[in-house]
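Welcome, and thanks for taking a look. Please bring up the structure alongside this report, and we will walk through it together.

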4 protein chains.
Amino acid sequence: MARRKPELTSKIGWSTPDRITVHGLDLPTEILGEMNLGDLAFLLVKHRKPTPEESRMFNAVVITLVEHGITPSAIVARMTYLGAPESLQAAVAAGLNGLGSVFVGSMEGAAKMLYDALPEDQVGTGVDLDALAVKTVADYRARKQIVPGLGHPVHKPIDPRTPRLFELAAQNGFSGEYIALMRSIGAEAEAKAGRPLAINATGALGAICCEMGFPWFITRGFGTMARAIGLVGHILEERENPIAAELWLRTDEEILRNCGPDAAKAPDKADHKG
Amino acid sequence: MARRKPELTSKIGWSTPDRITVHGLDLPTEILGEMNLGDLAFLLVKHRKPTPEESRMFNAVVITLVEHGITPSAIVARMTYLGAPESLQAAVAAGLNGLGSVFVGSMEGAAKMLYDALPEDQVGTGVDLDALAVKTVADYRARKQIVPGLGHPVHKPIDPRTPRLFELAAQNGFSGEYIALMRSIGAEAEAKAGRPLAINATGALGAICCEMGFPWFITRGFGTMARAIGLVGHILEERENPIAAELWLRTDEEILRNCGPDAAKAPDKADHKG
Amino acid sequence: MARRKPELTSKIGWSTPDRITVHGLDLPTEILGEMNLGDLAFLLVKHRKPTPEESRMFNAVVITLVEHGITPSAIVARMTYLGAPESLQAAVAAGLNGLGSVFVGSMEGAAKMLYDALPEDQVGTGVDLDALAVKTVADYRARKQIVPGLGHPVHKPIDPRTPRLFELAAQNGFSGEYIALMRSIGAEAEAKAGRPLAINATGALGAICCEMGFPWFITRGFGTMARAIGLVGHILEERENPIAAELWLRTDEEILRNCGPDAAKAPDKADHKG
Amino acid sequence: MARRKPELTSKIGWSTPDRITVHGLDLPTEILGEMNLGDLAFLLVKHRKPTPEESRMFNAVVITLVEHGITPSAIVARMTYLGAPESLQAAVAAGLNGLGSVFVGSMEGAAKMLYDALPEDQVGTGVDLDALAVKTVADYRARKQIVPGLGHPVHKPIDPRTPRLFELAAQNGFSGEYIALMRSIGAEAEAKAGRPLAINATGALGAICCEMGFPWFITRGFGTMARAIGLVGHILEERENPIAAELWLRTDEEILRNCGPDAAKAPDKADHKG
């Protein structure tokens, strides 16, 4: 389970009295004032600076994941702040804890599906992408799994982020076989399902992460760093325009009304199935 | 304790089937490809886009807080990932939980000290900054409190980030009375302490946050979002070059050696003072 | 800031191939089957087994803190579970993050107030408790602080837990000067406020923790361990009878209605005060 | 993904001005002073009070999971407390975040394996347990999976908790077909592996949880509530006898020595594989 290692090492960086480096770059002179925040995130993941094209694309990828209105993670951060306003960092942390399989799963899933169908060493070898798409969709349908990255409960008929992300990919040299494969999978899934299934933002981002050569599991890290930024915004709004207390009290009152001593039909006291 | 609010509202943004806005900007066309990640964070805090000068300065502020090597928060994130590798987001969250008074306190403290000494509405009114510095240092010494933002256990005699941050401030129009006051406070504290006390990075950042008009309590949010990015980098390194298991097992073995049944001096079993 | 320590030690316990001890007790033979869960918690805090009276009292203290219906921490745990059902532990953790100054503060505050007024070494020396109460209430009123542990938004005119906790304290030998002082403070605060201010559960628990000799800061630990148990109960109910998704979607829809593109009065876009 | 529900309900309990109930029991008169902490946890999971036998068994189950010395979760809680001593609850929360698949997985896995092999409705129907064991072990070996609940890195040749837990099970009426099946699986796995593979504590606990009729997924909740108690003990020890700072500084220094500017072999700066 646990791997022993006689000497602890890290390539991330080091500090001496007069120097601070991150992945070989001097923080004061080569990073501060020279890179933006997204570029630094890229450096930490890729261990090198992005090209200008990578910088534009990667900043857009992470930015897409920052803010989605009143999500469960935003409600969690605001409710946590209500009880512990002295610990802003703990409110952000609580909000991040819920970025699991349900909400982040589809970006991860899209990237993994694309890499599984088209391993990186087969890119550029003339693989028939439409045939891959047919096989991929058939496999998901046989397993009764949802094809990740398609459709959206709100954004219909198309997700307005998708065409813009694909446009940026084209402008910056990242519109290759993974995006083509994702499009082909979308078309095939739509045909088989018999209803519109446009590529949503997580499908577009998953494909772009493959184009940029990021391992599929890193996408959850991009979602996590992005949401940390978004949650700080929610907590600041909660300070000025609080909603958490109201949400809590409404819920408490509704449950008392429905299940308390005066409820028309009191909750049963039957033994638990477990 | 809890404020009721008949109608829930939020200014952050909204989504409709074909549109997504964040603080009044259209995400696909006005943000994606147009702003970098630091700019979006600025938007969420200030509710408007940064100027080019604000963009350069603010990206540098947050970047300074991203990565500091093997800190307690990095160890926490790596140890958590060891036990729950399926939950990368929870490992980041655990690491953020420790960004409390001890580590983030000095940036917050520096910004608050500067605003307390020089309220925003007195900037530009000809206040005697040296007199303010003398009074501020005297107050801290009388309360036996450490003046925040001065000195560093590793970076001596100067913190290499400070001159670069102040240089960027000057280049971008943010070198005003708060930085001057911070410098004056540093000089006065040094004189009274009789030993070198250079302005460290948190002191420089605190002063710059005042120059940019950020409330002091927001600085903890900047530290939190920055560390979330840094911790993703640590978790990715932990996947490839793990150190958490070795750290754990060494610790466990040392304590068994010192306090286990074969220890020369077994731990006492005296009742707890509590 | 950071204390160095040449040798790492711990008195909590150790494991060898055939033995496991906790504070000097053999886990298999002296703890399993011999102690209940509250007794083990007492052992970890006091470093000795409780007497039968301490066992009854301490189990009641922690039990009082386990479950309070749909609190913010319960909503947080349920919302987190909605996004990451594969990480039950992270949902509990998120819920605990909000047990800060607002909700746990009053028990801590009551215990600290009582110890500050009557240090442990003055118990039994004939101090005039009514005079202490007058001075304590006057001090809080002068500082415009709320006297902790009095009054309750729901439980009026009395908190039904308080008489039962005090009854248990009397039955088990813990009804001494701290409970007497708490009662005197309550009476004095009521007289000065001119309205009913009965001792609530956190006031009763704070006083009992003083009677049992626990440091005031430990009370937050009791609240934390108790709520972890309560939150597991909420997550299990959320599996069978989910409410988090409904709460989220209602909130999202209300905010869209109030602040979205069709709102009668769109949210203003004014620059942030910060 | 998200289930709508027109009316929010909860069976856990309710509060009115003069009453507080938990699963139909009056907290002040039927719970406080009448139940111990483990009994209350049982009530929250089973929605009824335990019998005396269930009380003894269940308290022992949870107690087994409370304290395991300097585990990763204990290190995480202590390191978090180092940075945020004002947020004890956040340090416990951080420690819980790592109770994922690696450490809690084997208890869950053992319970799930037993239920999959012997569904509850087949207990008492004369199923051939040895044949089930042979099939179960063969299935795990065919999938190249480790049979959960067997063997231990420290406790050899037997885990001292297992015989005691099984003894308590026998004394309290819980030594039925699930424990028999676990034993049979252990014997079969040992025979096939050709090396000792005694049932460890998580295997024993998994089997006992099946005997008590708990769903397999609840076992993670038991581990979580138990560790919350244990982590409070670690944080209190960290206050009096800190080790986190020393651990951090040693680690930081070792990495600087191995990878800093003066390291014999500086870390490579090669591009990341990702």
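## Confidence in the model

A word on the score first: pLDDT is the predictor's confidence in each residue, on a scale from 0 to 100. What you see here is a predicted model, and chain A has an average pLDDT of 94, with 95% of the residues scoring at least 70. For the complex, the predictor reports an ipTM of 0.94 and a pTM of 0.95.

One stretch calls for some care. Over residues 266-274 of chain A, pLDDT stays under 50. The model gives this stretch 14 contacts beyond four places in sequence.

## The sheet in chain A

Let us begin with the strands. In chain A, 3 strands form an open sheet in the order β1-β2-β3, with antiparallel pairing. Strands β1 (13-16) and β3 (25-26) of chain A lie at the edges, and each has a single partner strand, so one side of each is left without a neighbour in the sheet.

How are β1(A) and β2(A) connected, and over how many bridges do they pair? A hairpin links β1(A) to β2(A) through 2 residues, and the two strands pair in the antiparallel sense over 4 bridges. To find the register by eye, start at A:Ser15, whose bridge partner in β2(A) is A:Ile20. On to the next pair: strand β2 (residues 19-22) of chain A is joined to β3(A) by 2 bridges, and these strands run antiparallel too. Here A:Thr21 has A:Asp26 in β3(A) as its bridge partner.

## Chains A and B

Now for the relation between chains. A turn of 180° and a shift of 0.0 Å along the axis lay chain A on chain B with an RMSD of 0.0 Å. The two copies are thus related as by a two-fold rotation axis. If you would like a landmark for that axis, try A:Ala93: in chain A, the C-alpha of this residue is the nearest to the axis, at 2.1 Å. Both copies use the same surface, as 100% of the contact residues of chain A recur in chain B.

The contact itself draws 80 residues from chain A and 80 residues from chain B. Which helix gives the largest share of the side of chain A that touches chain B? Helix α11 (residues 218-240) of chain A does, with 14 residues. By class, the residues on this side of chain A are 44 nonpolar, 22 polar and 14 charged.

## Chains C and B

Chain B also has a contact with chain C, to which 35 residues come from chain C and 35 residues from chain B. On the side of chain C that touches chain B, the elements giving two or more residues are β1 (13-16), α2 (37-46) and α12 (244-259) of chain C. Of these, α12(C) supplies the largest share, 6 residues. This side of chain C divides into 15 nonpolar, 12 polar and 8 charged residues.

Chain C, too, can be superposed on chain B: a rotation of 180° with 0.0 Å of shift along its axis does so with an RMSD of 0.0 Å. A handy landmark in chain C is C:Ala90, whose C-alpha is the nearest to this axis, 3.3 Å from it. Once more the same surface serves both copies, with 100% of the contact residues of chain C recurring in chain B.

## A helix pair in chains C and D

Finally, have a look inside chain C. Helix α3 (residues 52-64) and helix α10 (residues 201-211) of chain C pack at an angle of about 150°, and their axes are 11 Å apart. The crossing of α3(C) and α10(C) is left-handed. From α3(C), the residues C:Met57, C:Val61 and C:Thr64 meet C:Ala201, C:Leu205, C:Ile208 and C:Cys209 of α10(C). Are charged residues present or absent in the contact of α3(C) with α10(C)? They are absent: the contact has 6 nonpolar, 1 polar and no charged residues.

Chain D offers a pair to set beside it. The axes of helix α3 (residues 52-64) and helix α10 (residues 201-211) of chain D come within 11 Å and cross at roughly 150°, and the crossing is left-handed. D:Met57, D:Val61 and D:Thr64 of α3(D) make the contact with D:Ala201, D:Leu205, D:Ile208 and D:Cys209 of α10(D). The classes in this contact are 6 nonpolar, 1 polar and no charged residues.

How values were computed: Residues are numbered from 1 along each chain as its sequence is written. Chains are lettered from A and ligands numbered from 1 in the order in which they are written. This is a predicted model: local features need pLDDT of at least 70, side-chain atom pairs count only at pLDDT 80 or more; totals for chains, interfaces and linings use all residues. Two strands pair if DSSP finds at least two bridges between them. Copies are superposed by least squares on the C-alpha atoms of residues with pLDDT of at least 70 in both. Two residues are in contact if their C-beta atoms, placed from the backbone, lie within 7 Å. Axes are lines fitted to C-alpha atoms, for helices over the stretch in contact, and angles run from 0 to 180 degrees between N-to-C directions. A crossing is left-handed if the near helix is turned anticlockwise from the far one by less than a right angle, and right-handed if clockwise. Ala, Val, Leu, Ile, Met, Phe, Trp, Tyr, Cys and Pro count as nonpolar, Asp, Glu, Lys and Arg as charged, and the others, Gly among them, as polar.
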